[in-house]
Structures are given as C-alpha cells and as structure tokens.
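Dear colleague,

Please find the structure below, followed by a summary of what was found in it. I would be grateful if you could read the two side by side.

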Amino acid sequence: LNQYKYPGFKITGRLMRYYPYGESVVSVLGYVARISEAEQARIDPVNYAASKYIGKLGVEKFYEDALHGTVGYQQVETDVSGRIVRILKYTPPVSGKNLYLSIDLGLQKAAEAALADTEGSVIAINPKTGEVLAFASNPRYDPNPFVAGISQKEYAILRDDPRRPLYNRALRGVYPPGSTVKPFYGLQVLESGVARPQDTIYDNGFFYLPGSSHVFKDWNWHKGGHGTVNLRKAIVESCDVYFYNMSLRMKITGMASIMHRFGFGYKTGLDVHEELAGVMPNPLWKRGARGEGWYPGDTVNTSIGQGYMLVTPLQLASGVATIANRGIGYHPRFAMAWEKDGQIEKLPPVPSPPIKLKNDDIWNLIISAMQGVTQDPGGTARRMSVNSPYTIGAKTGTAQVFRPKSYGDKDGAHIPTKYRSHSWLIAFAPVEDPQIALVALAEHSPGQAVTVAKQVLDYYLLPDHGVKVDPAVSEYLMFYGLLELSS
C-alpha cells in the first residue's frame with residue numbers, strides 16, 4: 001500500500017529453507033546455503049535464475065535436482081513506472097518432488113539424548129529394508145545460520161571447537177573397530193574350515209608368533225586369560241588369543257575376503273555424497289599406502305580390529321544388519337518415498353549381493369554367540385539383558401587410541417580423556433525376528449557404548465519409552481520442492 005512512497009524499490013517475497021528442529025538431524029539433512037561462484041559455473045543458470053540457494057551437504061545436496069524442480073517464467077508488458085499492464089507469456093514453474101525420509105524422529109532424539117555430552121555416534125537400521133531409522137552424530141550444530149549466511153565469527157567458533165561439531169562422525173568418522181569384528185571373522189573361521197565350533201585353544205593371557213619374542217596380550221591377560229576357549233566363548237567373552245590363533249590359519253587374505261563381502265573397505269552407497277570408505281588392509285594395500293611389506297604381526301593385529309583397519313559407524317551398522325538378516329543385506333538409505341502431484345511412490349529396498357555360506361547353521365552359531373554376549377555369565381554386555389523383555393544379539397568392542405607408554409595399556413581415571421579408548425557396540429533385536437540393528441560409538445569413553453545402545457533399543461522396542469514418530473506423516477521429514485516465479 002505504501003510502495004508509492006518509495007519509488008525505485010520493489011518488495012518481493014522469496015522462499016527460504018528453515019529447519020524447525022535445529023541441530024537435530026543435521027547429520028542427515030545437511031543444509032542449503034547461497035550458491036557459490038564455483039557452483040554457479042556448473043549449474044544451469046536458467047533453472048537457478050530465481051534461486052539463490054543450493055544443497056551443500058547431506059540429503060539436501062544429494063537430492064538437490066529432484067527437490068529443486070524447474071523454474072517458471074512470465075513475459076510482461078509494463079508502463080513507465082514499472083507496473084505490469086498485461087502478461088504476454090506465462091510458463092508455470094514445476095515444483096520439485098516431496099521427499100519422505102525413513103528417519104524416525106523420536107528414535108533420532110532418543111539416540112541424541114543417549115549420547116548426551118559424549119562425543120560419538122548412533123546409527124539404527126531396519127535390517128529387513130536397509131532404511132536408516134536414526135543417524136546421530138554428537139556434538140551437533142544448528143544448520144539455520146548457514147542458510148542466510150553465517151558470520152565469520154560464528155563459523156570460527158564452530159570450526160575451532162575442540163569437540164568438532166561440524167565433523168559428521170556417523171558418516172566420515174573412521175576408527176579401529178576393535179572386537180566388533182570378531183563375529184565376522186567367526187563366520188570365516190567356520191566357513192573356511194580352519195576350525196570347528198567345538199575346537200578349542202588354551203588362553204593364558206598371552207600369544208607369541210612362532211619364532212618371535214614379541215608378546216600379544218589378551219585384554220584379560222592380567223587375570224590369566226580365558227582358559228580353554230572355543231569359538232562361542234571367544235565371541236561371548238571377547239577372547240583375543242583365540243582370534244590371534246585363528247588369524248594365522250585364515251591368513252589376511254581370508255580375513256579380508258569375509259570383510260569385503262560385508263562391505264568393509266568400500267562405501268555403503270548411502271544416499272549422501274560425503275561418505276568415506278575406511279580401510280580393510282591387506283599386503284597390496286600396505287605396499288601402496290605405506291611402502292612396506294606385510295608382516296604376520298599385521299595379521300594378528302587385524303584379527304582384533306586394530307592395526308591398520310579402519311571402519312565407519314555406518315559400515316558397522318550395515319554389517320550387523322546383514323548378520324541379523326542371515327546374509328541378506330540392503331544398501332542403507334534415507335529416502336523412503338517420493339510424492340508428486342499427490343501420488344506417493346514408495347521406494348523398494350535395494351539389495352546387496354547376498355552372503356551365502358556353505359552351511360546355514362553357521363549363521364545360527366554366530367547369532368547364538370552374539371546373544372550369549374548379552375545373556376551368558378561371562379558375556380561382555382551381559383548387563384543389557386538384565387530385566388530386558390526382548391532378546392539382544394550384540395558384540396562389544398574397544399578401540400585403542402595412541403597414548404604415551406607412561407600411561408600403560410589399561411584405561412583408568414588417571415589417564416587424560418584424549419588417551420582413553422573408544423567403546424563400540426553392535427547389536428540387533430529381537431534375536432528371533434530382528435526389527436532394528438544398530439551401532440553405538442562413544443569416543444574416549446570405555447564401556448559407555450553399551451549404555452547408549454540399550455537406551456536406544458529400549459526406546460524403540462518398549463511401548464512405555466515414548467510414541468514413535470511415523471516417518472510417513474512426520475512433517476519435519478518431508479521436504480517441499482518449491483520455486484519462485486522469475487519475470
């Protein structure tokens with residue numbers, strides 16, 4: 001009404017993305033921000049004529065084209081004051097598709113709450129479809145300031161924060177997996193025939209390579225080891241010495257073979273661009289990456305998820321989902337359905353190559369051992385089964401970080417936080433009919449991953465831990481592809 005008072009100015013509206021839940025789910029969504037010069041050089045300038053924003057990370061970037069749609073035009077005749085007299089030609093814009101994600105917002109928030117102040121990650125997957133139910137990385141940041149343009153001061157605070165909130169641990173964090181690899185290697189032990197389920201070794205807490213004086217310790221070495229151990233006990237009690245012995249029988253080629261079949265050393269194919277592949281080491285890799293030959297000690301270290309082996313939380317989550325489903329795996333994915341013109345198109349699961357073993361009983365043996373981790377007297381995650389109305393298959397892991405020898409090889413309160421080990425837990429539940437598979441990582445917090453994982457499982461599987469958010473109706477998890485009209 002007052003525009004006549006301000007000749008030369010024109011007020012127009014424009015669309016701007018707003019993330020109503022702030023830092024929650026930023027590890028999934030990423031954000032949109034102003035188009036950079038480099039991006040301007042590669043995009044279609046016509047289709048972005050009326051848009052200043054583009055997806056920068058996460059789902060926003062991966063599905064940019066589908067969400068963006070097609071720009072519209074109108075050719076008009078104006079008078080001397082710039083007022084439109086008539087429209088000569090009109091091409092309507094075509095809105096982008098609406099995208100539904102598989103993220104369960106309630107579970108996502110439960111995962112973030114379980115991590116609390118701990119730096120780490122939680123990923124939950126539906127093992128029957130590969131749909132990602134939760135994808136938490138902690139600490140987090142609010143993406144909204146990036147949309148309008150974050151100030152240098154605000155960005156510097158995030159960039160220089162020692163806790164690294166901009167670092168997506170779930171997607172790009174690479175860590176030694178520790179003993180979480182033992183169920184996978186257990187499959188190879190039985191599949192390759194290097195040992196039978198009833199075969200045993202004796203663990204007194206120490207292991208020596210033939211002809212070497214170097215000692216490889218069991219984590220339980222100070223208590224005299226685990227005694228007589230078969231494969232089940234080795235997984236339940238996480239016996240290192242058993243897997244040291246088996247590694248020399250499987251050799252690194254056999255160990256790498258089974259891990260590659262589960263996708264370790266490769267990207268999972270999650271629908272984002274920023275994923276890392278990790279490292280599944282072998283002699284060829286070491287020669288190229290380190291310029292050195294492969295030693296038997298490298299094989300021994302790899303057998304307990306240490307040495308050169310590095311994985312992402314996403315890879316472990318995908319791997320344990322495949323175990324839960326007895327070798328039938330799916331590519332993990334955020335996109336659940338598209339909507340266009342009122343029609344919803346549900347996306348089918350994308351299967352991975354199935355892992356077929358010579359005997360299906362091998363799956364039963366490994367899954368039973370993982371259930372023993374939470375139920376047997378010596379199970380390393382036995383506290384998960386206390387008062388639990390559902391069954392859990394799991395495996396704990398401790399990933400050592402480099403620290404000065406003066407601090408020794410045991411974690412304790414006297415050790416500075418930055419030198420303490422990371423803790424892992426992979427799990428699925430219920431064992432009889434898995435509805436959820438997950439990984440929990442707690443950086444520099446030995447044992448904490450078990451507590452984090454149990455809280456997440458309880459939320460999802462127990463009705464009194466909150467009402468789940470149905471992704472199909474969650475307003476937050478649907479993105480609207482809308483465009484301005486260019487004239």
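**Overall architecture**

The protein chain contains 16 helices and 18 strands. Please note that this is a predicted model. The C-alpha trace spans about 95 × 45 × 45 Å along its principal axes. The chain has 487 residues, of which 52% count as buried. Among contacts with a separation of 6 or more, 68% are between residues 24 or more positions apart.

As to the surface, about 22,800 Å² is exposed, and carbon and sulfur atoms supply 53% of that area. The chain carries 51 positive and 45 negative charges, and the mean positions of these two sets are 4 Å apart.

**Helix H5**

Helix H5 covers residues 105-115; nine of its 11 residues are buried, so the helix is largely enclosed by the rest of the structure. The buried residues are Leu 105, Gly 106, Leu 107, Gln 108, Ala 110, Ala 111, Glu 112, Ala 114 and Leu 115. What do they pack against? Their partners are two helices, H1 (26-29) and H16 (448-461), together with the strands E6 (120-125), E7 (132-138) and E16 (436-442).

Both ends of H5 show a local feature of the backbone or its contacts. At the start, a side-chain oxygen of Asp 104 comes to within 3.0 Å of the backbone nitrogen of Gly 106. Just after the helix, Ala 116 adopts a positive phi of about 50°.

**The E3-E4 hairpin**

Strands E3 (residues 72-78) and E4 (residues 84-91) run antiparallel and are joined by six bridges. One of the pairings links Tyr 73 to Thr 91 in E4. The two strands form a hairpin with five residues between them, and in the turn Gly 82 has a positive phi of about 90°.

**Thr 180**

Thr 180 sits in the loop between helix H8 (169-172) and helix H9 (182-192). Is this residue buried or exposed? Thr 180 has a relative accessible area of 0% and is therefore buried, the cut-off being under 20%. A polar atom of its side chain lies 2.7 Å from the backbone oxygen of Pro 177. Leaving aside residues up to four places away in sequence, Thr 180 touches Leu 316, Lys 395, Thr 396, Gly 397, Trp 424 and Ile 426.

With kind regards

How values were computed:
Residues are numbered from 1 along each chain as its sequence is written. This is a predicted model: local features need pLDDT of at least 70, side-chain atom pairs count only at pLDDT 80 or more; totals for chains, interfaces and linings use all residues. Side-chain values use heavy atoms; hydrogens and water are left out. Helices (H or I, at least four residues) and strands (E, at least two) are DSSP runs, numbered from the N terminus. Buried means under 20% relative accessible area, exposed over 50%, partly exposed in between (1.4 Å probe, protein chains only). Contact means heavy atoms within 4.5 Å. Accessible areas come from the Shrake-Rupley method with a 1.4 Å probe; for residues, only the protein chains shown count as cover. Lys and Arg count as positive and Asp and Glu as negative; His and the chain ends are not counted. The place of a charge is taken as NZ of Lys, CZ of Arg, CG of Asp or CD of Glu. A polar contact is a pair of N or O atoms within 3.5 Å; within protein, one must be able to donate a hydrogen and the other to accept it, and residues adjacent in sequence count only if both atoms are side-chain atoms. Two strands pair if DSSP finds at least two bridges between them.
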